[in-house]
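Subject: Structure for you, with notes on the ligand site

Hello,

Here is the structure you will want to open before reading on. My notes follow underneath.

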Amino acid sequence: MDPLQNKRIIVGITGSIAAYKAGELVRELKRGGAEVKVVMTEAAQEFVSPLTFQVLSGNPVYTNLFGPEGRWDPEHISLAQWGELVLVAPATADIISKLSLGLAGDLLTALTLASQATIIVCPAMNSGMWENPILQSNSKRLMELGFHFVGPGYGELASGKIGKGRFAQIEEIIGKIKEVLYPKRNLLGKKVVVTAGRTEEDLDPVRVLTNRSSGRMGYSLAQVANWRGGEVTLISGPSILPPPFGVNLQRVRTTQEMREKVKDTFREGDILVMAAAVADFKPQSLHQKKLSRGELSLKLEPTPDILKEMGEIKGDKILVGFALETGNSLDRAKRKLEEKNLDLIVLNDPTQEGAGFEVESNVVTLIWRDGRTEPLPKLPKLEVAERIWDRIAEILK
Ligand code: C5P
């Protein structure tokens with residue numbers, strides 16, 4: 001499940017030109033299923049109208065520490081209790097310094113001070129301000145107190161100058177939020193390697209032998225491993241999917257390239273999950289020129305079995321493989337688990353309804369070393385990834 005689902009998030013907007021970008025941020029949070037309430041400082045309202053955020057968040061926008069006349073409404077307390085996360089984005093030099101001192105003269109500072117929730121700060125300002133030792137020291141103090149910082153980035157600033165002070169990328173901020181909100185951090189300190197997608201074997205200068213794997217299952221596994229605190233390297237064959245946030249993506253094309261990358265990274269790694277649909281065979285010879293219509297027969301030879309090779313050197317590291325079997329052959333999968341020295345194998349049949357390469361869901365059976373099997377119902381691939389990491393966490397224990 002998306003870690004944003006049903007989460008109550010307060011977005012505090014302060015007076016930076018990047019305030020307009022907070023609109024996109026609020027939309028993304030809503031898209032992920034979060035409930036959002038926006039708080040704006042007076043300066044923020046000079047840049048963007050509260051109405052924009054009222055429409056985008058679907059909630060009233062909060063601007064005032066004191067409610068309308070005649071009403072005593074301790075908004076800073078009720079908002080502080082409501083929010084499971086406070087995101088100050090963009091955060092000016094002014095708000096960072098105020099927060100570091102515990103000042104509480106307006107609604108945003110007061111509620112942040114009252115809140116028990118996780119606080120994420122996304123600075124956006126001129127590089128001179130950001131680099132000023134006063135601000136550096138105030139930011140450091142906040143970090144030491146447990147505030148999370150995303151950005152600022154390096155690049156062109158509103159002044160036209162190049163420097164550090166740019167508001168972080170929206171994906172980077174969303175990625176951090178997901179990481180912080182995610183409850184199961186059982187891969188902290190673990191180096192995780194995941195392979196995904198297909199490999200390609202050249203036939204001639206223009207043609208390849210490959211399969212239809214999209215990479216979705218492996219990308220989901222990598223994303224969930226990152227949410228759980230793992231240090232993740234995703235080794236991916238050709239795929240059009242966007243790189244998962246916070247994951248070190250290494251692109252490869254052929255089985256040989258994947259083999260080299262897996263060998264290099266697994267040496268330092270703790271867990272390898274081979275979700276890639278690696279080509280099992282390749283043309284015996286690579287034709288230097290494009291094959292003509294006359295040459296219709298093809299001689300094939302097996303590719304190196306990467307997983308098997310890793311099984312030989314795994315020691316007490318954890319190794320998980322996939323078995324793609326049309327006809328759901330449990331016995332064949334069990335044999336593979338033994339032959340390749342795996343801790344767990346994930347059997348799936350791409351011809352089954354709701355399973356396979358180009359769909360968002362999958363139907364899999366998990367098989368352990370001791371012969372236990374666990375068939376899972378049809379689930380979205382992210383959810384399948386969750387279950388697989390739950391089981392790996394059990395093995396880790
Ligand atoms: O033997 P089979 O190809 O069905 O095994 C599937 C498992 O082995 C998958 O985890 C796949 O990533 C891995 N594999 C591999 N190298 C190959 C072929 C498959 O690592 N050449």
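A polar contact here is a pair of N or O atoms within 3.5 Å. Please keep in mind that this is a predicted model.

By that cut-off, an oxygen atom of the ligand pairs with a polar backbone atom of Ala276 at 2.7 Å. Side chains take part as well: an N or O atom of Asp280 lies 3.0 Å from an oxygen atom of the ligand, and an N or O atom of Thr303 lies 3.2 Å from a nitrogen atom of the ligand. On its own the ligand would expose 450 Å², and the protein buries 89% of that.

The ligand has 14 residues around it, and those that come nearest are Met274, Ala276, Pro304, Leu307 and Lys336. By type, the shell consists of 8 nonpolar, 2 polar and 4 charged residues. Helix H12 (306–313) and strand E16 (318–324) each contribute at least two residues to this shell.

I also looked at Glu325, which sits in the loop between E16 and helix H13 (330–339). Is Glu325 buried or exposed? Its relative accessibility is 5%, so Glu325 counts as buried, the cut-off for buried being under 20%. The Glu325 side chain makes a polar contact of 2.9 Å with the side chain of Arg332. Apart from neighbours within four places in sequence, Glu325 is in contact with Arg332, Lys336, Leu347, Asn348, Asp349 and Pro350. Lys336 is thus on both lists: it is in contact with Glu325 and is one of the residues that come nearest to the ligand.

Regards

Terms used
Residues numbered from 1 in each chain as written. Predicted model: local features only at pLDDT ≥ 70, side-chain atom pairs only at ≥ 80, totals over all residues. Heavy atoms only, no water. Near = heavy atom within 4 Å. Polar contact = N/O pair within 3.5 Å; in protein donor to acceptor, adjacent residues only side chain to side chain. Areas by Shrake-Rupley, 256 points an atom, 1.4 Å probe, with all protein chains shown as cover. Helix = DSSP H or I, 4+ residues; strand = E, 2+ residues; numbered from the N terminus. Nonpolar A, V, L, I, M, F, W, Y, C, P; charged D, E, K, R; others polar. Buried < 20%, exposed > 50% of the residue type's maximum accessible area, 1.4 Å probe, protein only. Contact = heavy atoms within 4.5 Å.
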